[in-house]
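Here are a few notes to read alongside the model. I have put them as numbered points, so please dip in wherever you like.

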Amino acid sequence: MLFNEKLILANGFNEAEFLRTLAKNDINTFGLRVFNDMELCSYILMKNGIKMNGSFISDKEQSFIYYSFLKGVLEDSKNIKDAINSFRDCVDSDVLIEMEKVLSDNFIDKKDLITKAFKEYKKYKEDYNLYDKQDMINYIIDNNLKVKDVFVEYFLEQNNSYILKKMINNVFTDAKEVSIFTFFKEHSNNTKLIKAYGKKNEIDYIFNKINQDNLKLDECQIVLMDAKDMPEVLVYLNKYNIPFTAKDGIPFIDTKPGKLLKALLDLRQSNYGVDGYKKLFNNEVFKTEFLKALFEKDGNNVDDRFKDFINNIGNLRLRFDEDVLVSNVYDDVMYNALNVFKNDLRGNILTFFYKYVNATMDEAIVALDEIEEVLNLKKKYNIELDDLSLLENLLPIGIGGVASSESKIHISGLTSAFSSLRKYNFIVGLDDSYPGNPKENYLIYDDEFKKTKSDKYISTKVIDNKEKLAKCFIKSCENAYLIYPYYDLLDLKDKNPSSIIYDEIIYDKNYNPTNLIEYGFKESSLTENINVIKSKINNEVAKEIKYSDYNDVEIDSTKLLDMQFSPSEIRSFFDNKLAFVFQTLFNISIDDTDDIYTVMPSKEKGNIIHKIMERFQKNKVNRDDFINKAKEEYDKYLLKRPAVLKSQIEIDKDRFITDVENMYDMDPGNTFVASEVLMMGSIGKIKFKGKFDRLEVTKDNKYIIVDYKTGNSMQHISNNVISCIQGLIYAYLVELNGIKGKKIKVSRVEFRYPHINQVAYIDYDEDNKLEMINAIKELEDAIIANDFSCNKDLSEYSFIDKYKVLLSLFEEVRK
């Protein structure tokens, strides 16, 4: 044993880092060792030649054990575990008896739950020969173990636990409680305040400072008062490829498997519909190569087939937690692909991650190991939660934590920041949420803890210790930059500085007001406006935002001329340019396009009607055969898209058959020529691409384009060019391209509404053709002039108060 060996008990510290930091502060570290409470217990047992019988239970495993006999949600089992362990910290006799004696009857249900859980836990450990950290502490106390000639110093801020104190004082002949600050010099005068405008600017200040002053990365440490700020830091680290280490690791949600898990949770939230699956497959972390390869040999366009595949999956609502029948109503390749993906969903979720996460193994392995550990614990303790619900609890954790190293900036939480103290320390998040207001444990209130021999877990004491720890760290820093958000653009809330800043800095007699730095930069319109779009996508309401002039953003709007518009999209430009910008230019749907309770969407009804009309048009069939075929196609569709509300199927089917009957009855007897023909072409500089429903020829040899509408009300006005512009564009494209090599002059366009048995029409003559061309020229001019001034009252759109800025988002959103 080393002469004058001294131990320091400091939970959350890295021994090598802390000793290195002390050495830099001219403190003799010879014979000095640094332990956390678990390591200290192991050291005491080792010095006495004792090995605990049984297997050790980790903190993570405890949650699963509690859940296995509580059968509640995972969060509750975690809180119960914390409540029990907190109480065990505070008492020194038989824990179960003390619990039942000390806890009051004012919350008898909670008391029963806690004591029941502990009885089960205690019995479980006895049955399977297990022990935890508290058992080690109790064993050391009960057996009166001693360690001589070793001095122990432990920190008031970190280990104010009665039972731990008792163990230390019993075991060691010389032990004392000290403040962390004992080990550091005081540098209060080198503290600077940074009043940053928004969370983004808090982080921006740090990297701007490092860059402008050319600071060495390994002399800089970012201290996060809230681990939730780590993603903001990662944005800058990744954007500028800055080497870093992180004591608490990277949040699981910021790893590629974590992002895939979040995407799967979003998919579950969308009830596994078409829109949800489109979002999943478009996510950069989802690997689609394997699925696309299933369509490479069937002779069709792979991308088109894959789009159909996504729609089919969403219509079937294939999911992890429910077995869905894939009926054999598809072609062989599609049927096989759907079953392959279904089996992957219904199989081992870890295998699913390995197969579909778009990442290298180096990027994914640590996060996937975490997933595997959780799933193994679930299996070991027979947890009933589905895999996604279980894994959802992984999102807040950090993984892959590493100690600081040279040539890299270091990121840490406040506790671990002491052991890696650097020349420049940037403390982020010192707003009024830190140290926060006292908040009692909802399972055991403060009054219950006051009856025990320790006040460690009383909410006011918790807050006081957090504040004391922060002040101690600030004084210990050679250069401390205290950063707090003054105004958060995204939250639209004013933020006040933490009480730590007021008490320790501003009201300090040595404080120099010139040390206050107001940091902010004029965000580009693009940045501001992206936030608006994100708010819309997240169904949030953006109000009272003052925007920069959108003309400040250099966007070449003529790139819009490279788009191929569908003729059906153009009318919205004349009806409401705001809707046109959202839906057409930015592909953001204002309406919910995937209503899970719709038995059959209107578009699909129209597709079925077109299909049966094309099949029977050449050989005219009787009315009954026509209707029976419609019923058959309807039933076949429900195999591909099972209805959520089974009770609505008959009602919806009756309405559909009524439409089919009306369609048959309103057929004027024209000759079928073609349907669903892909047309492409330009009118001026505007490019078009789309399919019209039907082309017919009348008895007097006049060609008409027919568009069937499944709506309940008439949306077209006869002989109105703007209202009927979709059909006129198709007539123009047919005239331009012909059909199957044959030149055709369209005479008329009809919009047939079988549900209400009405028809709107417009002649395709020279006057209407010219008016249509001039209208398209208006769109072309708007694009070239970068002007989408709205011709409607914007007050009806609560999600934004100035929509012209949306044009500046074109490149970003389309990307």
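1. Accessible areas here come from the Shrake-Rupley method with a 1.4 Å probe. On that basis, this predicted model exposes about 39200 Å², and carbon and sulfur atoms supply 46% of that area.

2. Now for the overall picture. The protein has 31 helices and 23 strands, and 50% of its 815 residues count as buried. Among contacts with a separation of 6 or more, 75% are between residues 24 or more positions apart.

3. Helix α14 is a good place to begin a closer look. It covers residues 302-316, 15 in number, and spans 21 Å from its first C-alpha to its last, close to the 21 Å expected at 1.5 Å a residue. At its N-terminal end, Asn-301 acts as a cap, with a side-chain oxygen 3.0 Å from the backbone nitrogen of Asp-303. Just after the helix, Arg-317 takes a positive phi of about 55°.

4. Which residues of α14 are buried? They are Arg-305, Phe-306, Phe-309, Ile-310, Asn-312, Ile-313, Gly-314, Asn-315 and Leu-316. The elements covering them include α12 (274-281), α13 (289-293), α15 (332-346) and α27 (623-640). As a reminder when you look along the helix, an α-helix has 3.6 residues a turn, so residues three or four places apart point the same way.

5. On the surface, please have a look at the nonpolar patch formed by Tyr-354, Met-361, Ile-365 and Val-366, which together have about 300 Å² of accessible area. Helix α17 (residues 361-380) gives the largest share of this patch, three residues. Ile-365 is found in that helix. Why does Ile-365 count as partly exposed? Its relative accessible area is 31%, and partly exposed residues are those between the buried limit of under 20% and the exposed limit of over 50%.

6. Next come the salt bridges, of which the count is 47. In general, side chains of opposite charge can pair when their charged atoms come close. Glu-5 and Arg-33 form one of these bridges, at 3.5 Å from N to O. This pair links distant parts of the chain, 28 residues apart: Glu-5 is in the segment before β1 (6-9), and Arg-33 is in strand β2 (residues 32-35). Glu-5 is buried at 4% relative accessibility, whereas Arg-33 is partly exposed at 32%.

7. Helix α4 (residues 74-90) carries Arg-88, which ties to Asp-135 in helix α7 (residues 133-142), 47 residues apart in sequence. The closest N and O atoms of this salt bridge are 3.3 Å apart, and both residues are buried. Asp-89 forms a salt bridge with Lys-456, with 4.0 Å between the closest N and O atoms. Here the partners are 367 residues apart: Asp-89 is in helix α4, and Lys-456 is in the loop between α20 (446-450) and α21 (459-476). Asp-89 is buried at 11% relative accessible area, while Lys-456 is partly exposed at 21%. Elsewhere, salt bridges that share partners join Arg-694, Glu-696, Arg-748, Glu-750, Arg-752 and Asp-763 into one network.

8. Finally, Asn-719 sits in the loop between β21 (703-708) and α29 (725-737). Apart from neighbours within four places in sequence, Asn-719 is in contact with Tyr-761, Ile-762 and Asp-763. Its C-alpha lies 9.7 Å from that of Tyr-764, 45 residues apart along the chain. Asn-719 counts as partly exposed, at 46% relative accessibility.

How values were computed:
Residues are numbered from 1 along each chain as its sequence is written. This is a predicted model: local features need pLDDT of at least 70, side-chain atom pairs count only at pLDDT 80 or more; totals for chains, interfaces and linings use all residues. Side-chain values use heavy atoms; hydrogens and water are left out. Helices (H or I, at least four residues) and strands (E, at least two) are DSSP runs, numbered from the N terminus. The expected span of a helix is 1.5 Å times one less than its number of residues. Buried means under 20% relative accessible area, exposed over 50%, partly exposed in between (1.4 Å probe, protein chains only). Contact means heavy atoms within 4.5 Å. A polar contact is a pair of N or O atoms within 3.5 Å; within protein, one must be able to donate a hydrogen and the other to accept it, and residues adjacent in sequence count only if both atoms are side-chain atoms. Patches are made of residues with over 30% relative accessible area and no salt bridge: like charges are joined within 9 Å, nonpolar side chains (Val, Leu, Ile, Met, Phe, Trp, Tyr) within 5 Å. A salt bridge is a side-chain nitrogen of Lys or Arg within 4 Å of a carboxyl oxygen of Asp or Glu.
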